[in-house]
Amino acid sequence: MSFTIDNLIFLLSILLVTGVLTAKFSSRLGLPSLVLFIIVGMILSHYVYFDNALLAQGVGVIALIIILFDGGIQTKWTDVKSVVRPSISLATLGVLITTVVTGVLAKYILDVTWLEGLLFGAIVGSTDAAAVFSVLGSKNIRQKLTSTLEAESGSNDPMAIFLTVSIIELIQAPESPIFTLFLDFFWQMGMGLLMGLVLGKASVWIINRINLDSSGLYPVLSLALAALTYGVTAFIGASGLLAVYIMAVIIGNSHLTYRHAIVRFNEGFAWMMQILMFIILGLLVFPKELIEVTWQGILLSFLLMLVARPLGVFISMLFTKYTMKEQLFISWGGLKGAVPIVLATYPMMAGLENSTLIFNVVFFVVLTSALLQGATISPLANYLNFSDGEKEVVPHSLELVSMGKTNNEMIELKLVPDAAISGKSLEELPLPEDVLITAVIREEKLITPRGNTKIFSGDTLYVLVSKKKRERVTEYFQKKKTSLEEDVSTLKKQRHLLF
């Protein structure tokens, strides 16, 4: 079936509108809405012939850059820093164990060689950031578990990519020295981390220092910096995806000009890229070919979910303080998604003998994983008492913008528990004249601030402040009682020290 430009635009508009309307419905089910677009792509494959693995891989990598940047920029370091070690263990040792166990099972179930079995294991060994962020983002599951799964999914792609590429090299050139592969692994991980840190700090400096003519250019600039981070890091042979995620975490946890615009723009763009990516990947699959590997796909899916993934989680978290129930939940929360499907295009591009078989089974595994695990992760959290009820949502919000070319901007601050200034009235606070609290949000109420208005822990404040004082003002409002011994009356005398 051929499409004119007008027909193609109409089709894309219908798909995007459908995606937006189904997002809330799918989140209530705990099901990644992206599964819908895989199915749409599969349906379209009846009418549109598409077998360009290179194009699918290119779109997939671009989409992953945007998705990881969006996920990283919304990741709170205060939540993640306590789970860094277990997350790294899951992203490396956990992926390796899952790869080996799945590879052994695939060798006999698919009747392929040992290396081809391990290649299949490497492709499905990692969890998917898009699927994890999509499902967990709308759930109020215990923060420790959510942070662990999100940090793992954001950082385990490099391990899966490394294993996939290395095994393909061994299949094509069995005489390749194993030692060089280990050196390549440490180079990719180490330099990926370093480049992410350096370029993350540099990106924050650029965004905050540059004075663009239009506020709409700041989100574009942030995305361009993310793409630059990937490109530069990949150019030196390191992990560009890891660098992007680390860079995004640094940006998201820094004081940033036009933060609200940057976050909202990238959130919407990430959704659009996920929709486009999953439709294209769905086009690569022909339902008739899936039927031919149905029993292999079902068997490998269940063994991956019930044997390989749990072994990878339990072994890699042996010396952590996670309970057995928490490890069980993390094991079941290892959703598969776009990354394994993108990786499944690598054997196709390399021209391996069983590449089509591997791709079809990988696709089957990803689809069943997203359907089963995505739909049941919320009920499992409730059953294990890991759910904290409804996710807290600020009932009111203000668009936060910088005031044109001036040096002022509006920032949003949520008072921490046991805030030092909790219970104090605004007139008691030693704020300079150019720092103005414009609104206070408390539970369901939007309060107009006056001099005698008292603020309490949990309140959300909107503060008009100069850019140069932004960090000091934020630090002041976020101090806890244990770290602020002085009385407010004393602080008034020390205003010049604070501001």
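Ile441 has its bridge partner, Leu446, in strand 3 of this predicted model. I begin with that pair and work outward through the strands, before turning to the helices and a pocket.

Strand 3 covers residues 445-447, and three bridges join strand 2 to strand 3 in an antiparallel arrangement. The two strands form a hairpin, with two residues between them. In that turn, Glu443 has a positive phi of about 55°.

Strand 2, residues 436-442, also pairs with strand 4, residues 460-466. Here five bridges join the two strands, which again run antiparallel. Two of the partners can be named: Ala439 is matched with Tyr462 of strand 4, and Val440 has Leu461 as its bridge partner in strand 4.

Strand 4 has a further partner in strand 1, residues 408-414. Seven bridges join this antiparallel pair. Leu461 appears here once more, since Leu413 stands opposite Leu461 in strand 4. How enclosed is strand 4 by the rest of the structure? Six of its seven residues are buried, so strand 4 is largely enclosed.

Allow me to place these strands in the whole chain. The secondary structure comes to 22 helices and four strands. The chain has 499 residues, of which buried residues make up 53%. Among contacts with a separation of 6 or more, 81% are between residues 24 or more positions apart.

I turn now to the helices, starting with helix 20, residues 470-477. Its buried residues are Arg470, Val473, Thr474, Tyr476 and Phe477. Where do these buried residues lie when helix 20 is seen down its axis? They fall within an arc of 160°, so they line one face of the helix.

Two single residues deserve a closer look. The first is Thr148, which is placed in helix 8. Is Thr148 buried or exposed? Its relative accessibility is 0%, so Thr148 counts as buried. Apart from its neighbours within four places in sequence, Thr148 is in contact with Val83, Ser87, Leu90, Tyr322 and Ile330.

The second is Phe185, which lies in helix 10. Phe185 has a relative accessible area of 14%, and the cut-off for buried is under 20%, so Phe185 is classed as buried. Setting aside neighbours within four places in sequence, Phe185 is in contact with Thr92, Met159 and Phe162. Phe185 can also be compared with Ser239: the two are 54 residues apart in sequence, while their C-alpha atoms are 9.3 Å apart in space.

Finally, I come to the second largest pocket, in which about 580 Å³ of space lies. Which residues are closest to the centre of this pocket? Of the 22 residues that line it, these are Val84, Ile88, Leu193, Leu242 and Ile246. Several helices give two or more residues to the lining: helix 4 (77-80), helix 5 (84-109), helix 8 (143-155), helix 10 (178-209) and helix 12 (240-252). Helix 8 and helix 10 are thus among the contributors to the lining; Thr148 lies in helix 8, and Phe185 lies in helix 10. By class, the lining of the second largest pocket holds 14 nonpolar residues, seven polar residues and one charged residue.

Definitions and conventions. Residues are numbered from 1 along each chain as its sequence is written. This is a predicted model: local features need pLDDT of at least 70, side-chain atom pairs count only at pLDDT 80 or more; totals for chains, interfaces and linings use all residues. Side-chain values use heavy atoms; hydrogens and water are left out. On a 1 Å grid over the protein atoms alone, a cavity is a set of points where a 1.4 Å probe fits but cannot get out, and a pocket is an open set with protein on both sides within 12 Å along at least five of seven lines; lining residues have an atom within 4 Å of a point. Grid points are joined across faces, edges and corners, and a volume is the space filled by probe spheres set on the points. Ala, Val, Leu, Ile, Met, Phe, Trp, Tyr, Cys and Pro count as nonpolar, Asp, Glu, Lys and Arg as charged, and the others, Gly among them, as polar. Buried means under 20% relative accessible area, exposed over 50%, partly exposed in between (1.4 Å probe, protein chains only). The arc is that of the directions from the helix axis to the C-beta atoms. Two strands pair if DSSP finds at least two bridges between them. Contact means heavy atoms within 4.5 Å.
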